[in-house]
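Let's take a look at how this chain packs and where its charged side chains pair up. Here is the model.

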Amino acid sequence: MRLANDRIVAQIQGRLVNSFYGDTANYITRTQSGSDTFGQPTYTETTTAISCSFTDTVSNEAWKSFADVQTVDAEIRFASVTPSKGDAITLTVRFDSAYTDKRYYIVGIKDRGAVGYVCALKAVDL
């Protein structure tokens with residue numbers, strides 16, 4: 001039995017983004033573009049701006065079955081792209097102020113269906 005059609009799901013996602021996702025981040029994917037003279041792979045990064053909700057106070061217990069809880073430093077919620085482990089996030093706006101200090105890598109993903117994704121993040125100093 002199907003309770004919601006595609007139109008209703010799109011409306012829910014639109015309201016969620018407008019009401020709940022108050023932060024802005026860059027979602028960064030890396031694709032291998034070749035190799036250097038030493039045979040090491042070279043990568044090209046693609047950046048997509050996303051609306052999100054970020055928190056650096058994480059319940060490690062909630063991530064036990066999705067990621068190594070020792071590596072979880074933050075969480076992010078969004079609905080605009082489909083995440084993959086290893087992709088990166090950099091925050092650009094937090095609480096309506098410019099924010100740039102860390103790059104985070106996705107180490108765990110929970111799919112929440114129509115409301116998007118919740119991802120566990122590991123901080124990496126730049």
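What follows covers the nonpolar core, one buried serine and the salt bridges.

This is a predicted model, where local features need pLDDT of at least 70, side-chain atom pairs count only at pLDDT 80 or more, and totals for chains, interfaces and linings use all residues. Residues are numbered from 1 along each chain as its sequence is written, and side-chain values use heavy atoms, with hydrogens and water left out.

The largest nonpolar core (buried Ala, Val, Leu, Ile, Met, Phe, Trp, Tyr and Cys residues joined through side-chain atoms within 4.5 Å) has 17 residues. Ile-50, Ile-76, Phe-78, Ile-89 and Leu-121 have the most contacts inside it. At least two core residues come from each of strands 1, 2, 3, 4, 6 and 7 (strands are DSSP E runs of at least two residues, numbered from the N terminus). Strand 7 gives the largest share, 4 residues. Beyond its neighbours within four places in sequence, Leu-121 is in contact (heavy atoms within 4.5 Å) with residues including Phe-54, Ile-76, Ile-89 and Tyr-104.

Ser-53 sits in strand 2 and counts as buried at 13% relative accessibility (buried is under 20% relative accessible area, exposed over 50%, partly exposed in between, with a 1.4 Å probe and protein chains only). Among the residues Ser-53 touches are Glu-75 and Arg-77.

The whole structure has 2 salt bridges (a Lys or Arg side-chain nitrogen within 4 Å of an Asp or Glu carboxyl oxygen):

| Pair | Closest N and O atoms |
|---|---|
| Arg-103 and Glu-45 | 3.0 Å |
| Arg-77 and Glu-75 | 3.1 Å |

Arg-103 is in strand 6 and Glu-45 in strand 2, so this pair ties together parts 58 residues apart in sequence. Arg-103 is buried at 15% relative accessibility, while Glu-45 is partly exposed at 40%. In the other pair, Arg-77 is partly exposed at 25% and Glu-75 is buried at 8%.
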